[in-house]
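This report describes the two-chain complex shown below. It begins with a sheet of one chain and then turns to domains, helices, the interface and model confidence.

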Amino acid sequence: MTKKWMRCFLRESGREAPSPCPSTLLNALLVALFILFIFIFSFSRLEYDFHWAGVWAYRAKFLRGLGMTLVLSFFSLIVSFLLGSFFALGQKSRFLPFYFFSRFYVEIIRGTPLLVQILVFFYVIADAFRVQNRYVTGVVILSLFAGAYISEIIRAGIDSIGETQLETARSLGLTRFQQYRFIIFPQVFKRILPPLAGQLVSLIKDSSLLSIISVSEFTLNAQEVNAYTYSTLESYLPLAVGYLLITYPISNLSKRLERAFSYET
Amino acid sequence: MKEKIIGFLFVMSLLLFAGCGHGEKNVLNVGMELAYPPFEMTDKEGRPAGISVDMAHELGKFLNRPVKIWNISFDGLIPSLKTGKIDVIISSMTITEERSQSVTFSNPYSKAYLALLVSKDSPVEKVEDLNSKGRVIAVKKGTTGHLYAREHFPLARINVFDKESACVLEVVQKKADCFIYDQMTIFTNWQKNPDTTRAILKPFQKDFEYWGMAMRKDDTELHRQVNAFLESFKENGGFDRLAEKYLKDEKETFDELGIPFFFSP
């Protein structure tokens, strides 16, 4: 038996979050206070003079960087999702060259550091193919990188559909396309949403690594401002806020889609 | 039982926090980026070595304090100093107006000037050619080359990199017209890539760049001691010994080319 006072800290099983009521507010407030306390305590212990004026002068630079990160992320999100879906199908394919190519791609990309991939792709492969545009190259590398993870997420989603369902589908005379369209996809989509959203959020943050080939995105601009003004925390704290502004809508959208695609079973 | 475990973990974590502090009070924490041979580098066993490292140990002997070398990336040095992680920067750092606003510099102990590593087919013949549309300049983040380019070549495109090696690669692959850095590094990289690059070593700045050790603004006691050390080190011929030990070949080459040698206080 749970004691009565404990009930304000528990949520009813099976519900996303308790509906707005005093206990929701109480818990949210407690968490906010706790986090606030840690930050205030830590910053008060810090021997550091904040000079926001110097960084404020570079606000246009921050915004330009944020804009570039948005553009890079937008295209990478689309391309990586397409690549991921393509290679997930490859991993389920019965055509062996396609299957092996997909496996090989996933293993190579997942097993090597993104940093090395960026350097090799830009200075060796793109150079050999005479692609000089570092922004296009950046989107391609990021998409290839995230695509491998997304491919595995989708494959795991497809594998999670029980064999009996597929057998039933086949016995009903559904074609392979119909199986994917009506049986697998609607269930898979809901199951892969949380890891997919996580992967897309990572992709946005990983775009900061493109700064090593001087793609002028958010992180590089913040680092440059730091180099001009020598105010590290003043340059990097806006960076954290900026990334959160881009990534939070994705988490939020994924939550909403999850709810929209939940079927009673 | 659960409560006991949680209580135990809580107490342990408190002890852990209490235990975290500086070990020895007397240690002189010296920061430098070990990526600028022969001034700051690592020997074959991975230990810090080079002219600045030897100077740090001499300074420690002079002050009768043990020395600890911290390898920190160049644009993180001043922030580390300001937050008290290190006590002094000895990293071939040029004394500039901007940096002097955040830290105090010792008297200069060496001087240097900027030079250009130019891509073989680039139309750039002299430094004045750089300030025009279509020119691309590679710089290392936070260095005086970066700051100089930003101030003097507003029409050119400036690509910012973390590593010196990436800047050289950009020039070798004709992605950039030139790389602006100090004369010694430019000279060495030109020697390494004679078929794809050329060097413009003739000084183009109005003034030499002077190198100093940097300290926190409120650390006046250390400031006084460091200046006293530099004075006595110079009198004892310490700088000449270091030049003889590390820069013998370079000095001879520069004398042959008739270019003024830079390492002298």
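Which residue in β10(B) is the bridge partner of Val136(B)?

## A sheet in chain B: β10 to β12

In this predicted model, the bridge partner of Val136(B) in β10(B) is Arg157(B). Strand β9 of chain B, residues 136-140, is joined to β10(B) by five bridges, and the two strands run parallel.

These strands belong to an open sheet of five strands in chain B, ordered β10-β9-β11-β8-β12, in which the pairing is mixed. At its edges stand β10 (157-161) and β12 (197-200) of chain B; each has a single partner strand, so one side of each lacks a neighbour in the sheet. Direction ignored, neighbouring strands of this sheet are turned against each other by 25° on average.

## A sheet in chain B: β4 to β6

Another open sheet of five strands in chain B follows the order β4-β1-β5-β14-β6, and its pairing is mixed. Its edge strands are β4 (67-71) and β6 (104-105) of chain B, each of which pairs on one side only. As general background, strands of a sheet pair through backbone hydrogen bonds, in either a parallel or an antiparallel manner.

At the β6(B) edge, two bridges join β6(B) to strand β14 of chain B, residues 214-215, and these strands run antiparallel. Within this pairing, Phe105(B) stands opposite Ala214(B) of β14(B). At the other edge, helix α2 of chain B, residues 51-63, lies across β1 (28-32) and β4 of chain B and runs at about 150° to β4(B).

## Domains of chain B

The domain assignment divides chain B into domain 1, made of 9-111 and 209-257, and domain 2, made of 114-200. The C-alpha centres of domain 1 of chain B and domain 2 of chain B are 27 Å apart. Six residues from domain 1 of chain B and six residues from domain 2 of chain B take part in the contact. On the side of domain 1 of chain B that touches domain 2 of chain B, one residue is nonpolar, two are polar and three are charged.

## Helix packing in chain A

Two packed helices are described by the angle between their axes and by the distance between the axes. For helix α3 (residues 59-92) and helix α10 (residues 232-260) of chain A, the axes come within 11 Å and cross at roughly 35°. The crossing of α3(A) past α10(A) is right-handed.

In this contact, α3(A) contributes Phe62(A), Leu66(A), Thr69(A), Leu70(A) and Ser73(A), while α10(A) contributes Pro238(A), Gly242(A) and Ile246(A). The residues of the contact of α3(A) with α10(A) comprise five nonpolar, three polar and no charged.

## The interface between chains A and B

The contact between the chains takes 15 residues from chain A and 19 residues from chain B. On the side of chain A that touches chain B, the elements giving two or more residues are α5 (114-128) and α9 (218-229) of chain A. Of these, α9(A) gives the most, with five residues. The residues on this side of chain A divide into seven nonpolar, five polar and three charged.

## Backbone features

The peptide bond from Pro37(B) to Pro38(B) is cis, and its omega is near 0°. Pro38(B) is located in the loop between β1 and β2 (41-42) of chain B.

In chain A, Arg130(A) has a positive phi of about 60°, although this residue is not a glycine. Arg130(A) is located in the loop between α5 and α6 (134-159) of chain A.

## Confidence

For the complex, the predictor gives an ipTM of 0.73 and a pTM of 0.77. Chain B has a mean pLDDT of 87, with 89% of its residues at 70 or more. Over residues 18-23 of chain B, however, the pLDDT is below 50, and this stretch has zero contacts in the model beyond near neighbours in sequence.

Methods
Residues are numbered from 1 along each chain as its sequence is written. Chains are lettered from A and ligands numbered from 1 in the order in which they are written. This is a predicted model: local features need pLDDT of at least 70, side-chain atom pairs count only at pLDDT 80 or more; totals for chains, interfaces and linings use all residues. Domain bounds come from an automatic or database domain assignment. Two residues are in contact if their C-beta atoms, placed from the backbone, lie within 7 Å. Ala, Val, Leu, Ile, Met, Phe, Trp, Tyr, Cys and Pro count as nonpolar, Asp, Glu, Lys and Arg as charged, and the others, Gly among them, as polar. Helices (H or I, at least four residues) and strands (E, at least two) are DSSP runs, numbered from the N terminus. Axes are lines fitted to C-alpha atoms, for helices over the stretch in contact, and angles run from 0 to 180 degrees between N-to-C directions. A crossing is left-handed if the near helix is turned anticlockwise from the far one by less than a right angle, and right-handed if clockwise. pLDDT is the predictor's confidence in each residue, from 0 to 100. Two strands pair if DSSP finds at least two bridges between them.
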